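Thanks for joining. I would like to walk through one model this morning, beginning with its ligand and working outwards from there.

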Amino acid sequence: MASNTLQQPTSSRPRTLSDPLAAALLPPANETPAQREQRLRAEEEAKRRSENIDKMLRDDEKGKRRKKTVKVLLLGQSESGKSTTLKQFQLLHTPAAFHAERIAWRFVIYVNLVRSIRRILEAIAPDDTLNNSLDEIDDFESTETASIIITANGRPSSSLSGTFVPAYDTYRKRLAPLLDLEQRLIQQLSDPEGNDEHEVTHLPTQNWDAHVHAYSMHAATSTASFNGRPAPRIMIPGASVSAGPLSPASPTSPVASLSGGGEIAVSTTSNWKKALSLRRIQSPKSAHSGELHGWWEDPSDPVHVLNRCAPAMSELWRDPKVRQRLAEKRLRLEESSGFYLDEIERITAKMYFPTDGEWARCVVLSTTVLIFIIHEDDVLKARLKTTGVMEHTFSLTKSSEFRGVEWKIYDVGGSRNQRQAWAPYFDDVNAIIFLAPISAFDQVLAEDPGVNRLEDSLMLWRSVVSNKLLADVNIILFLNKCDLLKAKLESGVRLSHHMTSYANRPNDYESVAKYFRNKFGILHQSFSPNKSRELFIHLTSVTDTRKTHTIITNVRDIILTGNLKSSSLM
Ligand SMILES: Nc1nc2c(ncn2[C@@H]2O[C@H](COP(=O)(O)OP(=O)(O)OP(=O)(O)O)[C@@H](O)[C@H]2O)c(=O)[nH]1
Ligand SMILES: [Mg+2]
């Protein structure tokens with residue numbers, strides 16, 4: 001709103017304005033100097049008031065724009081790639097914050113590597129040792145994750161006989177320090193600030209000689225609320241909420257824990273990333289990059305144990321007998337957190353800094369110049385199981401069309417005993433990105449080895465698309481882990497051995513991907529309460545940053561356009 005004040009006309013100016021309003025606002029012809037001064041003061045005051053009103057209106061407009069919030073829920077079974085997709089959103093929208101957290105992810109990457117080593121040692125243990133130790137644990141499957149492969153007859157492979165690894169004892173001795181380290185790392189993740197009173201994670205009694213780790217921890221004490229929302233149960237076919245000594249931590253407990261899949265879980269309420277990023281604050285910051293460095297000078301830093309054990313780890317992973325034994329047991333570690341095994345030397349280097357796919361690192365340290373070459377996205381591949389619900393907010397600032405729109409994205413835990421936390425978010429969600437890892441057709445659930453992972457995904461998909469509360473919600477389906485699917489099919493694993501309905505169709509990636517696209521598409525068509533809802537399906541490998549960013553930009557625009565139009569916000 002611009003001020004209507006008019007400039008003082010020159011006394012010679014005739015009153016010939018055709019605009020009656022302008023004419024009315026002109027000062028009287030016989031104005032005295034005192035009257036003129038008074039009039040100018042009044043005009044000045046009016047101008048100031050007008051400017052204030054303009055500012056208030058602009059602020060109000062900004063506030064309204066801020067209120068354009070689009071809420072997106074990431075759904076899918078455990079290890080489907082939800083948190084990885086969230087990381088990609090962060091990398092795309094808030095890259096600086098994502099970079100800043102890399103140092104904290106170093107601890108998770110270390111745990112992932114150490115656990116892979118432990119699983120190899122468990123797998124190659126001579127049968128008599130393992131047989132004895134198996135008697136001592138209640139739940140052997142609890143040490144396994146999604147890399148358990150089921151055999152063609154549908155039963156989990158747990159062949160105990162097979163190739164003998166002669167160097168087993170030597171490996172075990174050389175790698176023993178990693179066990180202590182594992183506990184230390186979990187401790188650091190669960191209580192990054194070192195406050196004993198916060199330590200409510202009960203770590204297992206490790207029995208290295210028996211190669212068995214019977215975990216105990218507090219049973220979930222509460223499933224009451226997340227972000228103030230009550231957590232009513234939803235009926236997901238086949239879902240069962242298990243409670244007991246092997247249950248993951250309650251979503252409300254602010255700790256890291258060993259979850260039912262024998263995995264590390266960090267509750268979403270724990271601020272571990274911030275705490276671990278600042279933990280080494282006593283270390284100097286690099287004058288060049290402004291980032292922390294110097295942790296390797298701290299003799300208690302976990303990197304030193306890893307660095308010392310690196311040669312033994314590499315030998316173990318490269319040992320043909322070990323590989324043979326793993327193949328016999330159909331244990332494909334590369335499908336879970338095992339991909340760090342190919343990177344042992346780089347990851348255990350004293351000055352290792354996790355890459356995030358965006359930068360080549362160049363850190364100048366006095367006379368030393370270190371180049372950390374982009375080597376795939378370490379942070380994207382780090383596995384940390386989600387418990388509870390994580391909310392992330394982004395504001396789109398670049399695209400003028402969507403400027404000011406707030407994007408809230410919720411990442412949930414996907415294992416069966418986490419799914420009861422989803423329903424409270426169904427009320428006001430605008431879109432769902434559902435992830436189904438289609439490479440998992442020959443795997444079983446970590447939390448229930450009797451259930452095929454793909455069957456579970458299909459059941460979960462059906463329950464989501466048929467949910468009446470979600471009838472008007474946009475649904476985007478990511479058929480994920482296509483890179484692993486391709487590799488699996490190329491290695492000769494046949495889909496028809498695990499899904500008889502596939503019959504004798506070609507076992508190549510294109511045919512299989514098309515088959516899954518149809519299968520999920522038909523379920524949506526048949527069970528959606530909203531027959532006009534359009535389904536968007538993407539074949540994804542969400543650890544691939546370049547391709548995923550193209551997909552999520554596309555998905556983001558579809559969701560925003562659809563939702564803003566339907567809510568008359570555009
Ligand atoms: N190779 C490959 N790995 C993937 C892909 N998507 C996810 N992963 C990896 O799979 C593991 C599990 O992914 P997450 O994103 O943690 O799975 P999630 O769905 O959040 O699992 P929960 O938190 O247990 O519900 C991580 O180590 C990821 O790096 C993919 O497309 N390809
Ligand atoms: Mg997760």
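**Around the ligand**

Ligand 1 is surrounded by 24 residues, the closest being Ser78, Gly81, Ser83, Thr386 and Gly414, where a residue counts as near a molecule if its C-beta atom, placed from the backbone, lies within 6 Å of it. Before going further, I should say that this is a predicted model, in which local features need pLDDT of at least 70 and side-chain atom pairs count only at pLDDT 80 or more, while totals for chains, interfaces and linings use all residues. Residues are numbered from 1 along each chain as its sequence is written, and chains are lettered from A and ligands numbered from 1 in the order in which they are written.

Which elements supply the shell around ligand 1 with at least two residues each? They are helix H3 (82-93), helix H13 (378-381), strand S10 and helix H15 (482-490), with the largest share, three residues, coming from H3; helices here are DSSP runs of H or I with at least four residues, strands are runs of E with at least two, and both are numbered from the N terminus. By residue class, the shell divides into three nonpolar, 14 polar and seven charged residues, where Ala, Val, Leu, Ile, Met, Phe, Trp, Tyr, Cys and Pro count as nonpolar, Asp, Glu, Lys and Arg as charged, and the others, Gly among them, as polar.

**The annotated positions**

Thr386, which sits in strand S10 (residues 385-387), is covered by a "binding site" annotation from an unreviewed UniProt entry; such annotations may be inferred rather than shown by experiment, and their positions are given in the numbering used here, with feature names shortened. Thr386 is buried, because 24 other C-beta atoms lie within 10 Å, and the cut-offs are 20 or more such atoms for buried, 12 or fewer for exposed, and partly exposed in between, with C-beta atoms placed from the backbone.

Another "binding site" annotation in the unreviewed UniProt entry covers a set of residues including Arg383, Thr386, Asn480 and Lys481. The annotated residues span 104 residues in sequence, and their farthest two C-alpha atoms are 22.8 Å apart, so they do not all gather at one spot.

Is Arg383, in the loop between H13 and S10, buried or exposed? Arg383 counts as buried, because it has 21 C-beta neighbours inside 10 Å. Asn480 lies in strand S14 (residues 474-480) and is buried as well, with 30 other C-beta atoms within 10 Å. Leaving aside residues up to four places away in sequence, Asn480 touches Ser80, Gly81 and Leu435, among others, a contact meaning C-beta atoms, placed from the backbone, within 7 Å. Lys481 follows in the loop between S14 and H15, where its phi is near 65°, a positive value in a residue other than glycine, and it counts as buried with 27 C-beta neighbours inside 10 Å.

**The cores and the chain**

A nonpolar core is a set of buried Ala, Val, Leu, Ile, Met, Phe, Trp, Tyr and Cys residues joined through C-beta atoms within 7 Å. The largest has 51 residues, of which Leu74, Ile432, Ile433 and Phe434 touch the most other members, and strand S13 (residues 431-437) gives the most to this core, with six residues. A second, separate core of 43 residues includes Leu113, Ile124, Leu331 and Leu341.

To close with the whole chain, the protein has 17 helices and 15 strands, and 39% of its 570 residues count as buried.

How values were computed
Two residues are in contact if their C-beta atoms, placed from the backbone, lie within 7 Å.
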